[in-house]
Amino acid sequence: MANVLDLRRRIRSVKSTRQITRAMKMVSAAKLRRAQDRALAARPYAQRIASVLASLKRRIEVLDPNTGNLRHPLFAVRPEKRILLVIISGDKGFAGAFNTNILKASHQFLALCEDKEVDIEAIGRKARDQMRRRYGVATHDVVQSENPADGSPLTHHVRRRKSRIEVVGDHPGLLEKLNHRVVRELAEEIIRRYTHAEIDACYVVYNEFKSVIQQRVVTERLLPLIEPGSHVIVGATEQTAEERQYAATVAAEAGISPFAEDTSEADEEAAHFGTSDVDYIYEQPATELLNGLLPSYVAAMLFHSLAESVAAEHAARMTAMDAATNNASEMIDSLTLYMNRVRQAAITKEIIEIVSGAAAL
Amino acid sequence: MATENQLQVTLVTPERILFDTTAASVDLPSRTGRIEVLPGHAPLMAELGAGDVSLQGSTLETTRWNVSWGFVEVLPNRVTILANDAVAPAAIDVAAARQQLEHAHRLWNEAGDDAEAYEAANHVLEEAQARLSSAETPVS
């Protein structure tokens, strides 16, 4: 039987754990609020870009009538042989099933791409580490050549594919300080690969977050752009009813509304951008406008996914830490009960010893 | 809401709406040159270049903003600017802009015959120049 001193030590340790989980929950709640605001603030731009793009696409033909060429390479639909999969997970653990769900959705998607070559762009340390362990990193050969113009040496990096699925790219710290500039660079890189036909499609796996009770893990197609302004979801896993209920209770305790903020008015205003029923003077020809609009659109979509994923991660951590705090409290209660029982037993034993000792005299 | 000879001007960046205000006129950099917009302008859709957006006759504290790349929609009584990046001139990091300028010159030299790289270098260059000139212009 454990002695009283050991039990007391254990209770103290569980108590300090509870303090940590409680602090983490509070920090996550504050971060969630900020992430939610940021995701909301990013919407007007994304929606305006989407609506002007949709309107432009309605006004002009995708194929240039004079030349018969596509107006922009991002509209090109090729058979999907090489796919880029962007996985957005979290940087840290202690967030319940958040990272596991993302990885599960990714593996489901990868299982569907049986004979296709897949490049994985993993954002967030958790996805990066697991995917690297499992599939390995893309390798590049360094090739030296001469610049044909002036004979100066040039170095090229030539991709050498070792296996069907490989991890490319590394984005440490991208989630920590979400910055549009960095996201845009990533979007431009993806567009470059697409226009050079290095990839035939681009999919994103992320946790969609409208509010604490409206979340799902989705696999969305980013490229090719067929219908700008609409989300093409190829796979989605909803929250279970229990998860939703629990998340709502925790959010209410932390003072966070479980419902999505009503943005219908702002949405409607944004939908008018570039879509007025008038004949615009387009300063640039449509093809040039598209050249500028499409990268902005892809960057805005990516930024949106990242912002929602960050909010979802904090929400998941908040819920997980609340559960951990409750578990610790229960454990403390049961340990205290046990300790009191042990102490009582020890006292009883001593009394019996004294009494029987006295009786023997 | 904007009255008859006022414009409703909105500046939106990917991260947030910077302002939504009324003004008598707006001066903005399009890709091909500066445009001044007065109320009653013909509907226009243009690409934004790098440079300063300035408002006349508005109640805002800062009436000049450095913007780079994006789009602008002009309607008779409304101007919506979608900028990839926007900063107040006072908030411009001059040292960083200088560095960017140097970086741009380097890119420019390395570009060689590659039209795409050349284009990209020009992009960075223009942005850095616009930033510097914006930071150096005295606050009016």
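At what angle do the axes of helix α1 and helix α8 of chain A cross, and within what distance do they come? I put this to the structure, which is a predicted model.

**Entry 1: helices α1 and α8 of chain A**

I looked up helix α1 (residues 4-41) and helix α8 (residues 286-360) of chain A; their axes come within 7 Å and cross at roughly 160°. I therefore record α1(A) as roughly antiparallel to α8(A), since angles over 145 degrees count as such. I also noted that the crossing of α1(A) and α8(A) is left-handed. I then took the residues of the contact of α1(A) with α8(A) by class: 24 are nonpolar, eight are polar and 12 are charged.

**Entry 2: R9(A)**

I next turned to R9(A), which has its place in helix α1 of chain A. Is R9(A) buried or exposed? I count R9(A) as exposed because it has 10 C-beta neighbours inside 10 Å, and a residue with 12 or fewer falls in that class. For R9(A) and Q19(A), I found a separation of 10 residues in sequence and of 16 Å in space, C-alpha to C-alpha.

**Entry 3: backbone angles**

I checked the peptide bond from L223(A) to P224(A) and found it cis, with omega near -5°. I located P224(A) in the loop between β7 (214-223) and β8 (232-238) of chain A.

Two residues other than glycine then drew my attention by a positive phi: F94(A), with a value near 55°, and W69(B), with a value near 60°. Where do F94(A) and W69(B) lie? I place F94(A) in the loop between β1 (82-88) and α3 (98-112) of chain A, whereas W69(B) lies in strand β6 (residues 64-75) of chain B. I enter F94(A) as partly exposed, with 16 other C-beta atoms within 10 Å. I enter W69(B) as buried, because 21 other C-beta atoms lie within 10 Å and the class begins at 20.

**Entry 4: pairing around strand β5 of chain B**

How many bridges join β5(B) to β6(B)? I found 10 bridges, in the antiparallel sense; in this pairing L44(B) stands opposite V74(B) of β6(B).

I also followed β5(B) to strand β3 (residues 25-30) of chain B, where four bridges join the two strands and the run is antiparallel. The bridge partner of V26(B) in β5(B) is L55(B).

Finally, I looked across chains. Strand β9 (residues 281-282) of chain A is joined by two bridges to strand β5 (residues 44-56) of chain B, and the two run parallel. Here I noted I281(A) opposite L44(B) in β5(B).

Conventions: Residues are numbered from 1 along each chain as its sequence is written. Chains are lettered from A and ligands numbered from 1 in the order in which they are written. This is a predicted model: local features need pLDDT of at least 70, side-chain atom pairs count only at pLDDT 80 or more; totals for chains, interfaces and linings use all residues. Axes are lines fitted to C-alpha atoms, for helices over the stretch in contact, and angles run from 0 to 180 degrees between N-to-C directions. Angles under 35 degrees count as roughly parallel, over 145 as roughly antiparallel, 65 to 115 as roughly perpendicular and the rest as oblique. A crossing is left-handed if the near helix is turned anticlockwise from the far one by less than a right angle, and right-handed if clockwise. Ala, Val, Leu, Ile, Met, Phe, Trp, Tyr, Cys and Pro count as nonpolar, Asp, Glu, Lys and Arg as charged, and the others, Gly among them, as polar. Two strands pair if DSSP finds at least two bridges between them.
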